[in-house]
Amino acid sequence: MKNWNKKQISKETVKALCDTYGMEPLVASIMARRGITSGNDIQFFLETDKRFLHNPFEFTAMSDAVDRILQAQDEGEKVLIFGDRDVDGVTSTTVLYDALTALGIDTTWRLPSGNDAYGLNKAAIDDFAAAYGTLIITVDCGISNNKEIAYASSLGMDVLVLDHHTAPETLPSPAIIIDPKCADSGYPFADISGCAVAFKVAQALRFSKSELYKQEICLLSVRQEENRTDGACTIDCLKLENLVKTASLSETIVPGTKSITDTGLIPFLTGQQIFVWDGPRTEQLLSNLFGRGVEFNLLDIRPEVAKLIPAVLGMSLSRVKTLSKIARYNLDEATEIDGFYNIFVTFMEKQLLAQFPQHAEAEKRDLQLVALAALADIMPLVDENRIFLFHGIAAMNETTARPGLLELLSCQGLLSRRITSSDLSWNIVPVLNAAGRLGKPELAVELFLEKDVQKRDELARGILALNQQRKQLGSDAWGYAQEQAEKSLSEYGGNLCVVIDERINRGVSGIVASRLVQHYGVPSMAVTSVGELAIGSIRSCRGFDITVFLDSLGDIFENHGGHRFAGGFSLNKSRIDEFKALLKERAAAIILEDDSSERIDIDAELPVPYLSRVSEKTAKPEILSTVDRFEPYGEGNRELIFMTRRIKIQDAQIMGKTERQHLKLTFDCGAVKWPAMFWGEAERLHRDFDKGDTVDIVYTLGRNTFNGMETPQMILKDVRLTQ
């Protein structure tokens with residue numbers, strides 16, 4: 001029997017969320033139940049503006065990376081992009097290739113093909129050297145390629161590493177590294193995809209075309225201390241470079257007590273372009289503090305900002321601060337200078353958009369691929385990943401999908417419906433991955449880069465054919481895996497499932513490992529062989545950290561890497577017995593979190609009348625707007641699960657001709673009759689409940705599309721007779 005778990009939350013917490021962020025009580029209660037209570041987390045569920053994305057120059061090495069690429073542009077160098085064979089690698093390669101070729105840089109790309117190992121390899125370096133190449137940029141790989149990068153350097157090539165995988169203790173050198181998982185990356189969010197890293201570099205390259213690139217700017221504000229009678233004022237200064245905060249200074253001064261040389265203002269402001277808000281008032285306050293003999297070279301930005309944002313005309317900084325959405329979610333930083341910074345950055349971004357409208361179109365194309373990569377690489381759908389997906393999916397729905405993706409969506413019958421993250425995860429990601437799994441990832445990149453519509457259509461259909469082969473290989477491999485899986489569990493203390501079989505095609509080892517996790521509820525690996533190497537994939541569950549585990553196995557691997565949830569490795573086949581012995585030793589020490597497969601965590605309880613409320617605007621049930629608010633769903637943000645008590649089954653039908661038949665129920669909610677699917681549970685009709693019964697249910701809510709018509713639908717998780 002499944003355990004229905006509805007976490008208790010306090011009314012005070014819900015009220016505070018409603019009052020502070022203007023949420024509806026239902027949304028606030030779901031947030032509280034999910035532990036989303038800090039402004040920094042909440043903002044990514046309530047806001048979709050790209051202004052909430054992190055600045056690419058928060059990567060400490062981003063300016064170095066941009067300068068090296070611009071040098072290649074200036075000197076007519078040849079650049080090689082080396083990516084990975086999966087969706088993240090393919091999209092990363094595409095995004096960066098588009099960005100570099102838009103700059104006129106002589107760019108080629110290469111991915112591991114056939115049975116090539118993961119990561120940069122010596123053959124690719126040698127081939128590029130023979131073509132007189134000078135700059136290699138790795139995407140979605142490279143952070144563990146120490147030997148290869150050192151070799152490229154010995155041939156006179158520079159290497160840029162754009163990766164998102166967990167960094168080893170010893171980083172590759174010499175190389176410029178952009179990886180959010182490096183301890184000194186400077187980036188505030190570690191869990192972005194490799195494609196998102198490539199996108200950040202593309203953003204930075206576009207920004208470099210503006211006059212703002214590497215320009216130092218200082219914002220200055222002076223505010224009177226209202227609670228003091230001595231006329232004290234506080235001067236706040238904030239230095240920016242590439243619109244990122246680099247230094248700050250704050251001094252409170254009583255008029256007549258200090259000369260300007262007694263403060264830190266001169267060394268801080270010397271050589272700076274100084275912007276202020278409300279120039280006349282600022283100059284008057286500075287004159288009161290230091291006398292009229294001290295002159296500041298100030299530029300009043302308020303009139304210029306008001307041209308683009310008319311609402312701020314005549315507003316003080318204290319008023320502007322209260323209007324800042326960003327400050328609303330970061331109350332600890334809601335000072336006047338922070339409000340000034342927020343409005344200044346918004347203004348500058350609007351100016352850049354007007355100056356470079358083509359950049360917005362490029363971002364729209366890029367974000368569709370960033371969205372795919374986040375889903376494919378199982379990135380947690382929190383923080384800026386939510387904004388990536390929102391804009392990526394919106395571009396697919398509201399405008400024409402980018403070349404290549406358009407053809408895939410068409411072949412999969414998704415152009416006539418509202419595309420969701422689930423559609424992409426189930427219908428697009430596996431198809432694209434199939435090309436890499438079967439050793440032909442270049443077809444996926446060609447699909448995205450091909451200019452000819454007919455050729456793109458041929459490529460899309462070719463990739464779909466590979467996906468059919470992948471399905472058959474996966475089915476065969478699962479048969480081999482099941483022969484060993486049960487025995488493996490007992491050998492590894494029930495903590496690990498290990499399948500080693502040469503009959504498993506290398507391209508589906510990850511699929512087999514994932515399916516083993518789903519079937520047995522423990523971390524699992526599938527290992528096959530290619531030549532003299534044993535090559536494996538490992539997948540996680542129940543709090544198991546793959547990178548830590550693989551690192552604990554020492555130097556047995558020829559190569560290994562990945563992130564917390566998924567990884568890969570290779571070792572010499574002669575060491576398989578040693579490998580198995582090590583696994584048994586380490587498996588005994590594995591501590592797994594409790595299996596939650598039988599627990600249903602409920603986000604909110606909805607009374608029957610609530611389900612009958614219909615929006616006047618959409619003529620659809622109101623509850624769907626709450627479901628949409630929490631989109632996109634995926635890793636780290638599962639679908640909302642609701643509970644309703646005392647709901648009547650109006651109708652019940654058994655559907656399907658397979659061994660596990662399904663139930664289609666209709667619930668009577670008054671004004672709205674809710675259709676519901678209960679997958680694989682047909683045997684429960686007449687046994688546990690029947691038509692006309694009153695039941696308690698837990699379920700998710702969504703939409704079913706058929707013949708272009710979209711209707712609301714429940715997907716049942718469990719049903720119980722009302723007691």
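These legends describe close-up views of a predicted model.

**View 1. An edge-to-face pair of phenylalanines, F199 and F388.** The whole structure holds 15 aromatic pairs. One of them joins F199 and F388, with 6.1 Å from centre to centre. Their ring planes stand at 90°. The pair links distant parts of the chain. F199 belongs to helix α8, which covers residues 194-207. F388 belongs to helix α16, which covers residues 384-398. Along the chain, 189 residues separate the two. Both F199 and F388 are buried.

**View 2. A tilted pair, F290 and F296.** Here the ring centres are 6.4 Å apart. The planes meet at 40°. That angle makes the pair tilted, because stacked planes are under 30 degrees apart and edge-to-face planes over 60. F290 is buried, and F296 is buried too.

**View 3. A ring cluster of Y21, F52 and Y329.** Ring pairs connect these residues into a cluster.

**View 4. Arginines over aromatic rings.** R386 lies over the face of F45, 4.0 Å from the ring centre. In another example, R720 places its charged end over the ring of W4. The distance to the centre of the W4 ring is 4.0 Å.

**View 5. E398, an exposed residue in helix α16.** Is E398 buried or exposed? E398 has 66% relative accessibility, so it counts as exposed. The cut-off for exposed is over 50%. E398 and R418 are 20 residues apart along the chain. Their C-alpha atoms are separated by 9.4 Å.

Definitions and conventions:
Residues are numbered from 1 along each chain as its sequence is written. This is a predicted model: local features need pLDDT of at least 70, side-chain atom pairs count only at pLDDT 80 or more; totals for chains, interfaces and linings use all residues. Side-chain values use heavy atoms; hydrogens and water are left out. Rings of Phe, Tyr and Trp (its six-membered ring) pair if their centres lie within 6.5 Å; planes under 30 degrees apart count as stacked, over 60 as edge-to-face and the rest as tilted. Helices (H or I, at least four residues) and strands (E, at least two) are DSSP runs, numbered from the N terminus. Buried means under 20% relative accessible area, exposed over 50%, partly exposed in between (1.4 Å probe, protein chains only). A charge sits over a ring if NZ of Lys or CZ of Arg is within 6 Å of the ring centre and within 35 degrees of the ring normal.
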